[in-house]
Amino acid sequence: MSIFTPINQLKLTNVAIVRLKRNGKRFEIACYKNKHQFVTRKYSLDCEECMIDDVSRLLSLILEKDIEEVLQTHSIFINVSKGQIAKKEDLFKAFGTYDDTEICKEILMKGDLQVSEKERASQIETMFREIATIVADKCVNPETKRPYTVSLIEKGMKDVHYSVKMNKNTKQQALEVIKQLKENMQIERAQMRLRLSLIGREGRKAKEMLCSKMAHIEKDEWDGGTLEIVCLIDPGHLRLFDETVRSLTKGKGSVEVLNLKDVEEGDEKL
């Protein structure tokens, strides 16, 4: 697609239009399609360890570096295809600034990429598969400890009528899918096996604080003044365990990951 702006007759090719509605008005920016998709998916966060605000801040930092590669022009339009530039007063009312770069960054972070129905259907299909793959990789049947195949997860997603959200990354959506799948099938996050080395009184206190987060304790033994615990935990609690042990033992204790996933060999079958 080629677009001419009426101001400078600049020819824009390979255009991806990102649109954001604010204060009842439509604002659009012109990006390089492939670059927009690359930057907005450049870093995939493990979102069980961060909040959405952290994702927004990270994307903002990414755009500080890469925005020149993403934008075809820093102009903000009300209609890119027609080359209609937004008025400065409308931009200020909507975004509270006259800084075109900052406005472009906000539109990139919060706006919607405009794609054809065929492109959208292809993207949704790809994301659906990616979400199912993440869920299959992270989860097991809690009774058999066997992982589910991607095709079984996809079937489960269809059974709960899961709808892919184009503006959320696949890891965030995978966590949502796991919650919904629990309504219809036996599925849990695969547990992580840790070895804790806890020293003295502080170690005993650390155990008391973390015991409720241990799904299963396989070993709990004192060797001299050191307590060694081998346990299974939800992967989302790893940071809590590490920070608690380091803080209470003043760096003398340790947390060692023995297995990222406690699973049995072979796939789960219906």
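**View 1. Arginine 195 faces glutamate 256 of strand S13 in this predicted model.** The setting of this pair is the junction of strand S10 (residues 192–199) with S13, where 5 bridges join the two strands. S10 and S13 run antiparallel.

**View 2. Four strands form an open sheet in the order S11-S12-S10-S13.** The pairing in this sheet is antiparallel. Strand S11 (214–223) and strand S13 (254–259) occupy the edges; each has a single partner strand, so one side of each lacks a neighbour in the sheet. From one strand to the next, the twist averages 20°.

**View 3. Helices H8 and H9 pack on the sheet.** Helix H8 (residues 200–210) touches S10, S11 and strand S12 (226–233). The direction of H8 makes about 145° with that of S10. Helix H9 (residues 238–248) touches S10, S11, S12 and S13, and its direction makes about 150° with that of S13.

**View 4. The largest nonpolar core of the model has 22 residues.** The residues with the most contacts inside this core are Ile131, Val135, Ile153, Met157, Val177, Leu181 and Ile187. Two or more residues are given to the core by each of helix H5 (117–138), helix H6 (150–159) and helix H7 (170–181). H5 supplies the largest share, 7 residues. In soluble globular proteins, nonpolar side chains tend to be buried together.

**View 5. Valine 135 is shown with its contacts in the model.** When neighbours within four places in sequence are left aside, valine 135 is in contact with Ile153, Ala174, Val177, Ile178, Leu181 and Ile187. Valine 135 is itself among the residues with the most contacts inside the largest nonpolar core.

**View 6. A second, separate core comprises 20 residues.** Val18, Ile76, Ile103 and Val115 are included in this core.

**View 7. Helix H3 (residues 88–95) and helix H4 (residues 100–110) cross at roughly 55°.** Their axes come within 11 Å. Angles from 35 to 65 degrees count as oblique, and H3 and H4 are therefore oblique to each other. H3 passes H4 in a left-handed crossing. On the side of H3, the contact is made by Lys88, Leu91 and Phe95; on the side of H4, Asp100, Ile103, Glu106 and Ile107 take part. Ile103 of H4 also belongs to the second core.

Note on methods. Residues are numbered from 1 along each chain as its sequence is written. This is a predicted model: local features need pLDDT of at least 70, side-chain atom pairs count only at pLDDT 80 or more; totals for chains, interfaces and linings use all residues. Side-chain values use heavy atoms; hydrogens and water are left out. A nonpolar core is a set of buried Ala, Val, Leu, Ile, Met, Phe, Trp, Tyr and Cys residues joined through side-chain atoms within 4.5 Å. Buried means under 20% relative accessible area, exposed over 50%, partly exposed in between (1.4 Å probe, protein chains only). Contact means heavy atoms within 4.5 Å. Two strands pair if DSSP finds at least two bridges between them. Axes are lines fitted to C-alpha atoms, for helices over the stretch in contact, and angles run from 0 to 180 degrees between N-to-C directions. Angles under 35 degrees count as roughly parallel, over 145 as roughly antiparallel, 65 to 115 as roughly perpendicular and the rest as oblique. A crossing is left-handed if the near helix is turned anticlockwise from the far one by less than a right angle, and right-handed if clockwise.
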